[in-house]
Every structure is written in structure tokens, then in C-alpha cells.
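Me: I've got a model open and a list of labels attached to it. Could you walk me through what justifies each of them?

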Amino acid sequence: METAGDGARAGRWARARVRAVLSGLAAIGLAFTNLPLFVASVVVLILTPVPFLGIALVPWTMTLVRMRVNQERRRASLTGVLVTRPYHPAPEGAVAGGWRQFRWIVTDPATWRDLAWLVPGALVGCALGAIGVLVPLYGLAGLTLVPVWIWLGTGWYGYGSLWAVEGLGTMLLCLPEGALILVVGLWAAPWLRRVDAHFARLFLAPTRAAELRLRVTQLTVTRADTVDAQAAELRRIERDLHDGVQARLVSLSMIIGLADELIDRNPAEAHKLLAEARESSGTALVELRHLVRGIHPPVLAERGLAGAVRALALGLPVPITVGVDLPGRPDTPVESAAYFVVAEALTNLVRHSRARTGSVSMRHADGLLTMVVADDGGGGADPAVGTGLRGIERRLAAFDGTMALSSPPGGPTVITMEVPCALSSPRTMPSSATG
């Protein structure tokens, strides 16, 4: 008996395959733009010796080529094949149509790899796209042959690959053939898209030298972000100490001094001041604990990442389900960063999502700590709007971590955060809880 889960899985399978077929159709259309771009590029490169003309036209034409190639990189990423952009960063002060922009374009090896891909990429994309579209259509034609025959009132068709279709009997035999061809075509469509993506990656992915350059650039940016984040954290701690604990301690010192002066002349008033000093010292201690908790929460050191996140979820007004599968503990810096990014994500959930429930899941596999925070709120989260999500990205980038956000309008919102790390102090059992 088919269950609702089986039907949902079949529906997802069919939708994914239909999207792959439509992607193949788009590949055919996009392939026809490659040839004009290639011809235009060759023409403007030939015109380079012409004063001012080539220098002005080459960057403009190559920008169009890069737009087309970047579109292909995005299409490849949809199939799970990551093709990073390998371009050199634009020089400062480069003017559109100027010599510096022209030199930046023509000296970048990625420019010539883009041009080298245009023609073979068009041929491969068009061929694989045609196969991915025509095979399912041929199978669909077999399934619709009987109603078309009844509607047209004639029995002469040339559909069958193994027999001539000359009547209703032979036409009915085309139904299983068409169903089989349709299923095979739908099954092969995503595979054909991935083959096309891997072929594009041969040309469009960065070389080893380009990967090293991109890595150095990424490390430079993340180091600057980390230094800025540390400086901001130090300023926050200094501000909290100055405006909170320090002011409280100064007030406490003044109260004790007044009590010391009054202890002989007015013991009752001195006792009141000492009671006030005791209360003020307790408040200062609470503020100091909050400050320390913001630097490194004691619960994190005592219970580990799983216990700290579980304790955090219990204190939120929204019910949060916490699922943890960590066979050990990360290093202290990674553990602290993981706790704070989850805390920031949960803070955003409570403040902005209008969610009724949420969930946190954490697991470690293949040297990667994965944290997923999800909610059933209204969606529409955007890292460009607020500082919370950008802060998560910066904190993760310091450890070569990444953040992926899925938050369509209407929800749900799913934040997936990954940090490469190793674990120690193995534990035997995974656990889960609801906050």
C-alpha cells in the first residue's frame, strides 16, 4: 500500500526531473548566444591595434562574455557542481574603456579560458540539452498516441521503433514503450545536466595558480574581518566595563568611604550605607558575570556545545527542538564560535521571524561540523539588510566556515552553517531535546 510519504517522494522525484528537462531546454537556447559572443570577441581583438577602438570595445565585449560564463557557473552550481569565479580583482582607479581596464581583462588567463569554452560549450550544451529534452518528449508522444489516434480518426502512424503502427492493437503496444522511454529520459535528464556542468568546469574552473591566488585573497579578507571583529569586541568589553562594572565599583567605593566617616558619629546611617554597598556589590557581580558570559559562557566550558545550546534554547520564548549528534568536542575557539553563531541565529529567529517553533540540529561528519537553525516563520531573511547574518558569516569565515541561507517569502527559514574541525573527548550516544 502506497503511503503519503511515498507519494511525496515520487512527486519530488518527478519535479526534479522535469526541472532538469527544462534546464536542458534552456541550455539549447543559451547555446545559440555563444557563437555571436565568440565572433564579436574575435572581431574586437582583431581591432585592438586600431587606436582607441580596440581598447574601448574589448572590455565591453568581454564583460558580456563574463556575464554569459557566470550564468553557466550558476547553472552548474544548481546541479551540485561548484565552479568558482577565477578572475583577477579589478585594479583600483580603472576607468571603463581605459587602458588599465583593457590590460586587466587581456592579462587575466580566465578571459582566454572563457573564450575557449564558448564554441565547445555551445556544442556540448546543445547536444546534451537536445537529448535531455527529445527523449522524454518521444516517450510522452507514445503515451498520447491512442487519444490522438481516436481524435484524428486515422490509424496510420510511424511511431513504433520495433513495429509499424497501423491500427489500435499495435498502437496500444506503444503505451508501455512510451512509458519506458519517458521514465528513462526523466531519469537521465539530471545526469546529462551534470555531465554538461562537469564539461564547463574543465574550462571555467580556476587553475591551481588561480585557486592559490583566490585562497590568499580570501585569507586576507577573513583576517581583516577577524581583526575588525576582535577590535569591535574589545571596544564592547571596554564600554561595558566603563559604563557598567567600573561605574558600579566607583559608586561602591564612595559609599564605603561615606560609611567609614559616619561609623562613629551616626552608626545607624553608616549601617544603611553598608547595606546599600552590599547590594551594589551584588549588582556589580551580576554585571561582571554577564560580561564574562558574553566573552566565553561558563555553561559552554562546563557542558560543552550540546549542553550550552540546549540551555540557550530553554531560555527562549519560542519552543526550540535541539538535536545533537556530536561524538566529541571541537577545539575551544571553534566551539565558542559555533555557540555564538547558533545564539545569533536563534536571536534573529525570536526577534524577526514571527515563528511559532524552531529547531537546531548539529552533527559532525567527514571533518565538518554542520549546524542547521530552522523556523516556521514568515521568511524573507536577507544578509544585506541587517548585521546579524553578516556577523555570522564573518565569525565563521575566521575558521574557513560557510553559511547558506534559504528564506523564501512566506518561509520557512533555514540557516546552514559549516565549520571544518576535528573532535576530541568522544561521547557514545547522540541526544536530542526540546527547549
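Reply: Sure, here is the reasoning behind the labels, one question at a time.

Me: Before anything else, what kind of model is this, and how confident is the predictor in the chain?

Reply: The model is predicted. Mean pLDDT for the chain is 78, and 75% of the residues reach 70 or more. Among the elements, helix H4 (residues 109–143) has the highest mean, 90, and strand E6 (residues 431–434) the lowest, 48.

Me: What makes residues 427–433 a stretch to treat with care?

Reply: Their pLDDT stays under 50. The model still has 15 contacts for them beyond four places in sequence. Where pLDDT is low, though, predicted coordinates should not be read in detail.

Me: OK, what's in the chain overall?

Reply: There are 12 helices and 6 strands. Of the 435 residues, 35% are buried. The exposed surface comes to about 24900 Å², with carbon and sulfur atoms supplying 65% of it. Take the contacts between residues at least 6 apart in sequence: 69% of them join residues at least 24 apart.

Me: Why is arginine 193 called buried?

Reply: Its relative accessible area is 6%, and the buried label applies under 20%, so arginine 193 counts as buried. The residue is found in helix H7 (residues 174–204). Leaving out residues up to four places away in sequence, arginine 193 touches Ala20, Ser23, Gly24, Ala27, Arg75, Thr79, Gly125, Leu128 and Gly129.

Me: And why is glutamate 269 only "partly exposed"?

Reply: Glutamate 269 has 31% relative accessibility. The middle label covers values between 20% and 50%, so glutamate 269 counts as partly exposed. It lies in helix H9 (residues 267–295). Its C-alpha atom is separated by 9.5 Å from that of leucine 258, 11 residues apart along the chain.

Me: Then what makes methionine 254 exposed?

Reply: The relative accessible area of methionine 254 is 55%, and exposed means over 50%, so the label holds. Methionine 254 lies in helix H8 (residues 208–262). Its C-alpha atom and that of alanine 277, 23 residues apart along the chain, are separated by 9.1 Å.

Me: How do you know that strands E1 and E2 pair?

Reply: Pairing takes at least two bridges, and 6 bridges join E1 (residues 320–325) to E2, with the strands running parallel. Valine 322 stands opposite valine 360 in E2. Together with helix H11 (residues 332–352), E1 and E2 make a left-handed β-α-β unit.

Me: What about E2 and E3?

Reply: That's the antiparallel sense, over 8 bridges, with E3 covering residues 368–375. Arginine 363 has threonine 370 in E3 as its bridge partner. The two strands form a hairpin with 2 residues between them.

Me: Which side chains of E2 point to the buried face?

Reply: Gly358, Val360, Met362 and His364 point to one face and are buried, while Ser359, Ser361, Arg363 and Ala365 point to the other and are not. As a rule, side chains in a regular strand alternate between the two faces of the sheet.

Me: What makes aspartate 366 worth a second look?

Reply: Aspartate 366 has a positive phi of about 55 degrees although it is not a glycine. It lies in the loop between E2 and E3. At 82% relative accessibility, against a cut-off of over 50%, aspartate 366 counts as exposed.

Me: How do you know that E4 and E5 form a pair too?

Reply: E4 (residues 402–406) and E5 are linked by 5 bridges in the antiparallel sense, where pairing takes at least two. Serine 406 stands opposite valine 414 in E5. This hairpin has 6 residues between the strands, and glycine 410 in the turn has a positive phi of about 95 degrees.

Me: Last one: which residues have the most contacts inside the largest nonpolar core?

Reply: Leu305, Val342, Met371 and Met417, in a core of 34 residues. Elements giving it two or more residues include E1, E2, E3 and E5 (413–420). H11 gives the largest share, 9 residues. Separate from that is a second core of 21 residues, which includes Val81, Trp117, Ala197 and Ala200. Back in the largest core, methionine 371 touches residues including Ala338, Val341, Val342, Met362, Ile415 and Met417, not counting those up to four places away in sequence.

Definitions and conventions. Residues are numbered from 1 along each chain as its sequence is written. This is a predicted model: local features need pLDDT of at least 70, side-chain atom pairs count only at pLDDT 80 or more; totals for chains, interfaces and linings use all residues. Side-chain values use heavy atoms; hydrogens and water are left out. Buried means under 20% relative accessible area, exposed over 50%, partly exposed in between (1.4 Å probe, protein chains only). Helices (H or I, at least four residues) and strands (E, at least two) are DSSP runs, numbered from the N terminus. A crossover is right-handed if, with the strands pointing away from the viewer, the path from the first strand over the helix to the second runs clockwise. Contact means heavy atoms within 4.5 Å. Accessible areas come from the Shrake-Rupley method with a 1.4 Å probe; for residues, only the protein chains shown count as cover. A nonpolar core is a set of buried Ala, Val, Leu, Ile, Met, Phe, Trp, Tyr and Cys residues joined through side-chain atoms within 4.5 Å. pLDDT is the predictor's confidence in each residue, from 0 to 100.
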